[in-house]
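Trainee: Please take me slowly through one part of this model, and show me how its pieces fit together.

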Amino acid sequence: MNNLTETLREKFRYDEPIFTYEILELYPQYTESYVFRLIKEAEDEGGLKRMCSGVYYVPIMTKVGLSLICPDDVVTKRYMRSNGKVYGIYGGIALQNLFSVTNQMTITPEIITNNTSSNYKEIFLKGRKFFLCKSRTEITKENEGLYCILQLFTERNGLKVGEDAKQRIKYYMKDKKITKSALVEFARFFPPSTLKNLLYGGVV
């Protein structure tokens with residue numbers, strides 16, 4: 001077995017997206033050209049698969065052949081969360097769905113992330129489209145819940161939030177141990193209308 005394949009199996013889960021820079025970081029003592037040769041050898045042996053440019057994974061055998069990974073897995077790791085770290089959340093319809101504000105579905109997820117410098121950007125991955133939005137302030141595991149609620153009331157500017165949604169939001173706050181004072185404090189990163197919508201929305 002290729003030594004690179006063994007190393008990747010120790011460091012990453014099967015079917016986990018692995019970015020080229022993560023592989024290069026494992027071998028700081030080698031030149032990039034040599035590491036790319038190792039990658040090519042691992043691919044040829046079947047121990048590593050290329051999902052798209054710059055993205056690989058260690059496959060596992062299934063009943064129908066070697067496993068595949070989907071674009072959403074890649075985008076989640078690149079722009080939202082990995083290894084216990086949080087650096088992005090869903091916005092738009094996906095966020096509103098989380099709190100039962102709407103039952104609409106979206107085929108183009110919107111992601112608010114630390115990992116883009118663009119206020120609004122479209123990306124395409126294996127035919128799947130995503131919208132990326134730069135976060136207003138750094139998103140972390142500690143403030144993820146605060147950001148989600150305030151983002152919701154930013155997007156719902158002037159629109160009512162139903163009783164089912166209010167209950168879902170209150171349960172979410174209780175589960176995440178989010179207080180009214182913490183929301184008011186964190187609201188400084190959002191437009192003034194966000195806090196107004198929150199306070200008059202009957203949630204806190």
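Mentor: Let us begin with a single residue, I112, whose bridge partner in strand β11 is C133. This is a predicted model, in which local features need pLDDT of at least 70 and side-chain atom pairs count only at 80 or more, while totals for chains, interfaces and linings use all residues. Residues are numbered from 1 along each chain as its sequence is written, and side-chain values use heavy atoms, leaving out hydrogens and water.

The same I112 also serves, within β9, as the bridge partner of I89. Behind these two links stand two strand pairings (DSSP must find at least two bridges): β9 and β11 run parallel and share 4 bridges, whereas β8 and β9 are antiparallel, also joined by 4 bridges. Strands here are DSSP runs of E with at least two residues, and helices are runs of H or I with at least four, numbered from the N terminus.

Stepping back, we find 4 strands in an open sheet of mixed pairing, in the order β8-β9-β11-β10. Because β8 (88–91) and β10 (121–125) each have a single partner strand, they stand at the edges, and one side of each is left without a neighbour in the sheet. From one strand to the next, the twist averages 35°. The partner of β10 is β11 (residues 128–134), and this antiparallel pair is held by 5 bridges, one of which matches K121 with L132 in β11.

Helix α4 (residues 71–79) packs on this sheet, touching β8, β9 (110–113), β10 and β11, and its direction makes about 15° with that of β11. Contact means heavy atoms within 4.5 Å, and angles, from 0 to 180 degrees, compare N-to-C directions of axes fitted to C-alpha atoms, for helices over the stretch in contact. Helix α6 (residues 144–155) also meets the sheet, lying across β8 and β9 at about 25° to β8.

Now follow α6 away from the sheet, into the largest nonpolar core (buried Ala, Val, Leu, Ile, Met, Phe, Trp, Tyr and Cys joined through side-chain atoms within 4.5 Å). Of its 27 residues, F99, I149, F153, I169 and L183 touch the most other members. At least two residues come from each of α6, α7 (163–176) and α8, and α6 gives the most, with 7 residues. If we set aside neighbours within four places in sequence, I149 is in contact with F99, I169, Y172, M173, I178, L183 and L198. There is also a second, separate core of 15 residues, which includes F19, V55, I111 and L125.

Finally, consider the aromatic rings, where a pair needs centres within 6.5 Å, and planes under 30 degrees apart are stacked, over 60 edge-to-face, the rest tilted. There are 9 such pairs, including an edge-to-face one between Y147 and F186, with 6.1 Å from centre to centre and 65° between the planes. Y147 belongs to helix α6 and F186 to helix α8 (residues 180–186), so this pair links parts of the chain that are 39 residues apart. Y147 and F190 are edge-to-face too, at 5.1 Å and 70°, and because F190 lies in the loop between α8 and α9 (192–199), that pair ties together parts 43 residues apart in sequence. Both Y147 and F190 are buried, that is, under 20% relative accessible area with a 1.4 Å probe on protein chains only, where over 50% is exposed and in between is partly exposed. Ring pairs link Y147, F186, F189 and F190 into a cluster.

How values were computed:
Rings of Phe, Tyr and Trp (its six-membered ring) pair if their centres lie within 6.5 Å; planes under 30 degrees apart count as stacked, over 60 as edge-to-face and the rest as tilted.
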